[in-house]
Amino acid sequence: MSKEPDLLFTQLKDHFGHNQFKSKLQEQAIRAIVKRKGDVFVSMPTGSGKSLCFQLPAVVCKDKVALVFSPLLALMKDQIDHLTKLKIVANSINSKMSGGDRKTVVQDLRSIRPDTRLLYITPEQASTEFFQSLLQDLHRQKKVSYIVVDEAHCVSQWGHDFRPDYLKLGRLRQAYPDIPWIALTATASKQVAKDIMKQLSLRQPVETFKTPCFRKNLFYDVVFQDNMRDPFSHLAEFIKDTLKLEDTSKKPSERDSGIIYCRTREMTDSVAKSLIAKGIPAAAYHAGLNDRDRVQVQEDWMKGIFPVISATVSFGMGVDKGSVRLVAHWGVPQSIAGYYQESGRAGRDGKMSRCRIYYSKQERNAVDFLLRKDVSHAKTEGKKEKAKVSYQSFEKVVNYCQEAKCRHSVFAEYFNDDPPSCKMLKVCDVCQDKNAVEKQIEEFISHLGS
Ligand code: ADP
Ligand code: MG
Ligand code: ZN
């Protein structure tokens, strides 16, 4: 490390008031982006500071403006307000603004030295004549620092939030090959990443900065309901063991807690009832509750009033609770991506936590049946294709459960990461005792015929 003052650190502090980068990865991405050498793809979870990855480079690129595509006016407004507070000039062009406001924005952009460092644009603006001619002029005068696509998964039909307007952005890439592009997303799947690069025509080699998916404080395993005499008692013991429910020394909000994911409302109810019967305070959460009850259940669980919630997968979005010590799936998750995300709500505080699937033949067959039905009942080719992809995703989960292969390595392959160090750390059942897992699988398979 050189002792010279690092300009980027100074700028980080001066413009954004941060004393350090949020992570090594954020720093590496920013250092690559400021070089303006080529296209960059950033995949980091929500909250890890992706905005700074383009905002800091945009701010230090004097006299130029970064064009930022963002899917929602609300998201744009948040970022612009934040930047304005930092005295960074950020504007937007969207369909909701008045002609006068738009004129002011354009006037600055067309001036010799624009003050605007970031211009936020909704993707449907990209194809308007107004924007096309503005971009042409800015480009001719070499005033564009970057073209940024935030929430870039919106361009992919495989993503969960596809927006057709994002597809228009690919054409821009082709029209202006010399402007560096930056695409950012929280979606980690390999398929979506590939699709983003293709749809946006990112220029290879794309420099990629991706948070590794390996979470070494999560112990993963699979158990088989069909091999158990009493699966509910097994679950209750697992919970009591993991959550140390007798320990009442902590504040309720800091006590360990757990989530049991179920496929149906009925299952959330029966899991909650049987846990209560075994002395574990629990409540069910599903879309069938009225709004008030649903909010109440979630809040009580967040506050630690009861430790265990049995829920359908609609639960958990935006739930940020550090002390989730256990996530169990009662039955079979529908996809590896979904399972990774849902189970990943455990151990956000970095402490050792457990993720377990209570696999069962009945649940496997039920999901298999439903997904096959979706394929055969699909009315259009597009829908059939989607249904097939869903079925294939589910088959990967079946393999995950019925094969004795390191659980973390399944995720790593799925997300295109380097192999994880699970063999050494032993944070899955297979790496801990492969023979035992193989025996469990054999026993399960022997039940299948019966
Ligand atoms: P993402 O887009 O990845 O979800 P954001 O860009 O919205 O994340 O950033 C999340 C939070 O992290 C914001 O409050 C932001 O101010 C903060 N943040 C980003 N970079 C840093 C940093 N280097 N130091 C401290 N806080 C940071
Ligand atoms: Mg963001
Ligand atoms: Zn392993």
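In this predicted model, the axes of helix α1 (residues 7-16) and helix α3 (residues 50-60) come within 11 Å and cross at roughly 95°. That angle makes α1 roughly perpendicular to α3. The protein chain holds 18 helices and 13 strands. Among its sheets are an open one of seven strands and an open one of six strands.

**Helix pair α1 and α3**

- Two packed helices are described by the angle between their axes and the distance between the axes.
- On the α1 side the contact is made by Gln11, Leu12, His15 and Phe16, which meet Leu52, Leu56, Val59 and Val60 of α3.
- Sorted by class, this contact of α1 with α3 has six nonpolar residues, two polar residues and no charged residues.

**Surroundings of ligand 1**

- The residues around ligand 1 include the run Thr46, Gly47, Ser48, Gly49, Lys50, Ser51 and Leu52.
- His18, Phe21, Lys22 and Met44 are also among the residues around this ligand.
- By class, the shell around ligand 1 consists of six polar, three nonpolar and two charged residues.
- Leu52 belongs to this shell and also takes part in the contact of α3 with α1.

**Seven-stranded sheet**

- Strands of a sheet pair through backbone hydrogen bonds, either parallel or antiparallel.
- In the open sheet of seven strands, the order is β3-β4-β2-β5-β6-β1-β7 and the pairing is parallel.
- Its edges are formed by β3 (90-93) and β7 (207-210), each of which pairs on one side only.
- From one strand to the next, the twist of this sheet averages 20°.
- Within the sheet, strand β1 (residues 40-43) pairs with strand β6 (residues 181-185) in the parallel sense over four bridges.
- One of the residue pairs is valine 40 with isoleucine 182, its bridge partner in β6.

**Six-stranded sheet and its helices**

- The open sheet of six strands runs in the order β8-β13-β12-β9-β11-β10, with parallel pairing.
- β8 (218-224) and β10 (282-285) are the edge strands, and each pairs on one side only.
- On average, neighbouring strands here are turned by 15° against each other, direction ignored.
- β8 pairs with strand β13 (residues 353-359) in the parallel sense, over seven bridges.
- Phenylalanine 224 stands opposite tyrosine 359 of β13.
- Helix α10 (residues 265-277) lies across β9 (257-262), β10, β11 (308-311) and β12 (324-330), and runs at about 175° to β10.
- Helix α12 (residues 336-343) lies across β8, β9, β12 and β13, and runs at about 145° to β12.
- Strands β9 and β12 are thus named for α10 and again for α12.

**Backbone exceptions**

- Most residues other than glycine have a negative phi, and most peptide bonds are trans.
- Glutamine 204 and proline 205 are joined by a cis peptide bond, with omega about -5°.
- Proline 205 sits in the loop between α8 (190-199) and β7, and β7 is an edge strand of the seven-stranded sheet.
- Asparagine 416 is not a glycine, yet has a positive phi of about 65°.
- The loop between α15 (407-414) and α16 (422-425) contains asparagine 416.

**Overall dimensions**

- Taken along the principal axes, the C-alpha atoms of the protein chain fill a box of roughly 80 × 55 × 50 Å.
- The radius of gyration of the protein chain is 25 Å, which agrees with the value near 22 Å that a compact globule of 450 residues would have.

How values were computed. Residues are numbered from 1 along each chain as its sequence is written. Chains are lettered from A and ligands numbered from 1 in the order in which they are written. This is a predicted model: local features need pLDDT of at least 70, side-chain atom pairs count only at pLDDT 80 or more; totals for chains, interfaces and linings use all residues. A residue is near a molecule or strand if its C-beta atom, placed from the backbone, lies within 6 Å of it. Ala, Val, Leu, Ile, Met, Phe, Trp, Tyr, Cys and Pro count as nonpolar, Asp, Glu, Lys and Arg as charged, and the others, Gly among them, as polar. Axes are lines fitted to C-alpha atoms, for helices over the stretch in contact, and angles run from 0 to 180 degrees between N-to-C directions. Helices (H or I, at least four residues) and strands (E, at least two) are DSSP runs, numbered from the N terminus. Angles under 35 degrees count as roughly parallel, over 145 as roughly antiparallel, 65 to 115 as roughly perpendicular and the rest as oblique. Two residues are in contact if their C-beta atoms, placed from the backbone, lie within 7 Å. Two strands pair if DSSP finds at least two bridges between them. The radius of gyration is taken over C-alpha atoms; the globule rule is 2.2 Å times the number of residues to the power 0.38.
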